[in-house]
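Student: I would like to learn how to read a few local features of a protein model, starting from a single side chain and moving on to helices. Could you take me through them one at a time?

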Amino acid sequence: MPNRLIHASSPYLLQHAHNPVDWYPWGPEALERARSEQKPMLISIGYAACHWCHVMERESFEDPDIAQLMNEHFVCIKVDREERPDIDQTYMDAVMLMTGRGGWPLNAFALPDGRPIYGGTYFPRESWKQVLNQVSRMTREAPQRAESYARDLTAAMLRLEGPAPGRPEPSISREDLETITQAWVEQMDRRWGGRRSSGNKFPLPANTRFLLRAAHLLGQPEAREAAVLTLEKMAFGGIYDHLGGGFARYSVDPHWKVPHFEKMLYDNGQLLSTYSEAWLQTRRDRFREVVQETIAWVLREMTSPEGGFYSSLDADSEGEEGKYYVWSYEEAEALLGPDIRTFAAYYNLHPFGNWEGSNVLFVLEEPESFAAQWQLDAGSLRGLLARCRAALFGARSQRVRPGLDDKILASWNALMLKGLVDAYTAFGEPAFLDAALRNAVFIREQMMENGRLFRSWKNGQRSIPAFLDDYAFLADAWTALYQATFDEQWLHAAAGLAETVLARFEDPETGFFFFTSDESEVVVRRKLEIQDDVIPASNAAMAHVLHSLGLLLDRPAWRERAQALLHGMQEEVRKSPAWHAHWAALALKLAAPHYEVACTGPGALRMRLELEQHYHPNRIFAGAAAESELPLLQGRLTGQDMIYVCEGYSCRLPVRTAQEAAAQMRS
């Protein structure tokens with residue numbers, strides 16, 4: 001018999017809908033039962049593509065004896081961390097404080113009022129049984145001890161609050177940024193790119209984009225070398241899907257060779273932006289290929305009929321991690337015939353496998369270098385490799401596919417939307433803009449109601465009030481879409497989102513923003529979203545939004561607010577810039593010259609795209625053909641094609657070509 005999760009929209013919750021555990025989704029019904037029966041809660045958190053979540057389900061949650069123990073002593077609640085990052089963060093903080101480590105599945109025990117008392121991540125079956133008995137016994141026989149744990153943990157969680165704006169330290173200067181960048185580069189892996197590591201490596205797009213921008217604005221070529229090396233090694237490594245496009249979430253080694261095979265929307269969206277920006281700086285063919293192939297994967301496998309983007313692909317298929325993606329040498333040889341020798345040498349396939357008896361495709365050198373060593377024509381080699389990849393891709397398409405998490409999340413869609421816009425402005429490919437516009441319309445029409453944004457959408461139903469990251473990333477994406485199209489509806493829509501954040505998320509004591517709105521039901525309402533991970537900090541993203549919209553709409557108070565937020569983060573940026581890369585990127589905007597560029601006349605969009613080919617990260621665009629009320633365009637719509645390069649709304653003489661405007665910015 002199914003449990004209550006059978007009515008959920010989340011694929012992760014639906015995976016557990018036939019467990020013998022009497023699961024509840026997080027919500028009033030579960031919370032009221034815990035309060036009315038004074039029964040402790042067991043909150044189990046994961047996500048659809050999580051390998052160890054599947055393992056714990058098979059070992060424990062599908063076991064009738066374990067389920068009986070859980071049902072007897074706890075109100076059992078399942079949470080999809082991607083739908084409810086607020087709940088996840090609350091109990092992750094508690095587990096981190098208790099154990100010093102976190103991860104998923106996350107299993108937390110709480111008193112009936114939701115305050116945590118114990119928790120951990122993955123537990124093998126027998127360990128889990130012991131934990132259930134121990135926590136149950138404590139809450140029954142030593143309630144004062146449980147109350148003491150809850151009180152102390154909650155107090156410790158409240159002390160984790162972030163800094164406040166208005167500190168007396170001087171603003172981050174250009175010299176500070178030069179010092180920060182140099183120290184940052186020295187911490188990079190000089191052979192394989194990314195941060196130095198002896199284990200896993202994650203793509204960190206905000207870090208890489210900061211280094212690209214710092215190299216240009218501060219004149220530090222070693223920062224560009226570190227960023228480009230990272231992007232090259234990732235694109236060659238097994239973390240990249242050489243047959244179907246797109247990146248896995250991380251590699252399990254420091255060389256990007258063997259992925260943890262789940263593919264997530266959020267990092268692929270950011271990597272589109274990063275590789276597009278890197279291509280503008282370097283013009284490397286491989287970076288263009290990565291963008292094109294990744295977008296092809298997104299449109300082929302991750303796009304709903306309505307234009308939304310799905311969340312992830314599982315690491316597992318047929319119960320095995322990576323089975324969909326790996327190859328035996330014999331399989332590849334049967335498909336490729338005599339071409340196997342060259343293909344296997346280039347992609348490092350071996351008869352005995354290069355990972356647990358199977359083969360992951362990865363590359364160690366450029367095709368030109370390989371062709372020279374093998375005395376092959378480079379063009380012929382590229383053709384052979386393309387034919388072989390197509391043959392393997394066709395065969396792979398007949399396999400049992402990894403599970404698809406088909407819920408649509410506002411913040412992750414916004415990151416992909418921004419990636420498509422950045423790819424369009426870099427490469428001028430209309431299909432990229434078409435996909436971005438379709439997604440933007442979908443979010444506006446399907447995920448909003450009366451100006452209110454929702455986080456999740458599936459099967460025509462929107463659910464869960466949006467969080468700060470949803471609002472901030474979408475406002476940023478719509479601001480970028482305005483700059484790519486000069487369609488002012490997107491600019492005003494972004495401003496509406498910003499106004500909602502200022503009204504519903506602000507902490508008046510510090511000036512930062514809570515992650516949850518004033519409608520939140522979480523145990524501890526927190527604003528700790530100040531540190532970057534793979535996804536940038538939502539407070540940092542909101543600061544960027546206020547800066548950009550403040551310039552485009554001439555709202556000085558919004559620009560000042562962005563500066564105040566950064567001012568409150570200066571110490572953290574100086575001490576650990578790699579964990580505050582999005583804040584450091586805002587410091588670059590404020591410490592180096594920043595330009596407002598107005599493109600006017602019938603050729604406004606053409607000139608804007610031409611200007612993109614002259615790379616400069618510190619500029620923002622406004623434009624119109626004939627009519628606009630935007631402050632940057634007042635008095636400048638003469639009916640002729642003109643470009644105005646302005647700094648602090650003080651403009652130089654107008655010019656007629658992108659080349660002349662770029663020269664003004666270089667000077």
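**Reading side chains and helices**

Tutor: Let us begin with the neighbours of one residue: leaving aside residues up to four places away in sequence, R619 touches H594, Y595, V597, L611, E612, H614 and M665. Please keep in mind throughout that this is a predicted model.

Student: Where is R619 found?

Tutor: R619 belongs to strand β18, which covers residues 619–624.

Student: Which side chain of opposite charge is nearest to R619, and how far away is it?

Tutor: A salt bridge is a matter of a cut-off, here a side-chain nitrogen of Lys or Arg within 4 Å of a carboxyl oxygen of Asp or Glu. R619 is buried, yet it has no salt bridge, since the nearest side chain of opposite charge, that of E612, is 4.3 Å away.

Student: Which backbone oxygen atoms, then, does the side chain of R619 reach?

Tutor: The side chain of R619 reaches the backbone oxygen of L611 at 2.8 Å, and a polar atom of that side chain also lies 2.8 Å from the backbone oxygen of H614.

Student: Turning to helices, how many residues does α16 have, and what span should they give?

Tutor: One can compare the expected span of a helix with the distance between its end C-alpha atoms: the 19 residues of α16 should span 27 Å at 1.5 Å a residue, and the end C-alpha atoms are 27 Å apart, which agrees. At the start of this helix, a side-chain oxygen of D377 comes within 3.1 Å of the backbone nitrogen of G379.

Student: Which residues of α16 are buried, and what covers them?

Tutor: The buried residues of α16 are L381, L384, L385, C388, L392 and R396. Because they cover an arc of only 110 degrees around the axis, they lie on the same side of α16. What covers them includes α13 (329–336), α14 (340–347) and α15, whereas R387 and A390, on the other side of α16, are exposed.

Student: Is Q375, in the loop between α15 and α16, buried or exposed?

Tutor: Q375 is exposed, its relative accessible area being 75%, and the loop that holds it runs between α15 (367–373) and α16 (378–396).

Student: How would the same reading go for α12, and which of its residues are buried?

Tutor: Helix α12, with 17 residues (285–301), reaches 24 Å from its first C-alpha to its last, close to the 24 Å expected at 1.5 Å a residue. Its buried residues are R286, F287, V290, V291, T294, I295, W297, V298 and E301. They cover an arc of only 165 degrees around the axis, and therefore lie on the same side of α12.

Note on methods. Residues numbered from 1 in each chain as written. Predicted model: local features only at pLDDT ≥ 70, side-chain atom pairs only at ≥ 80, totals over all residues. Heavy atoms only, no water. Helix = DSSP H or I, 4+ residues; strand = E, 2+ residues; numbered from the N terminus. Buried < 20%, exposed > 50% of the residue type's maximum accessible area, 1.4 Å probe, protein only. Lys, Arg positive; Asp, Glu negative; His and termini not counted. Polar contact = N/O pair within 3.5 Å; in protein donor to acceptor, adjacent residues only side chain to side chain. Contact = heavy atoms within 4.5 Å. Expected span 1.5 Å × (residues − 1). Arc of directions from axis to C-beta.
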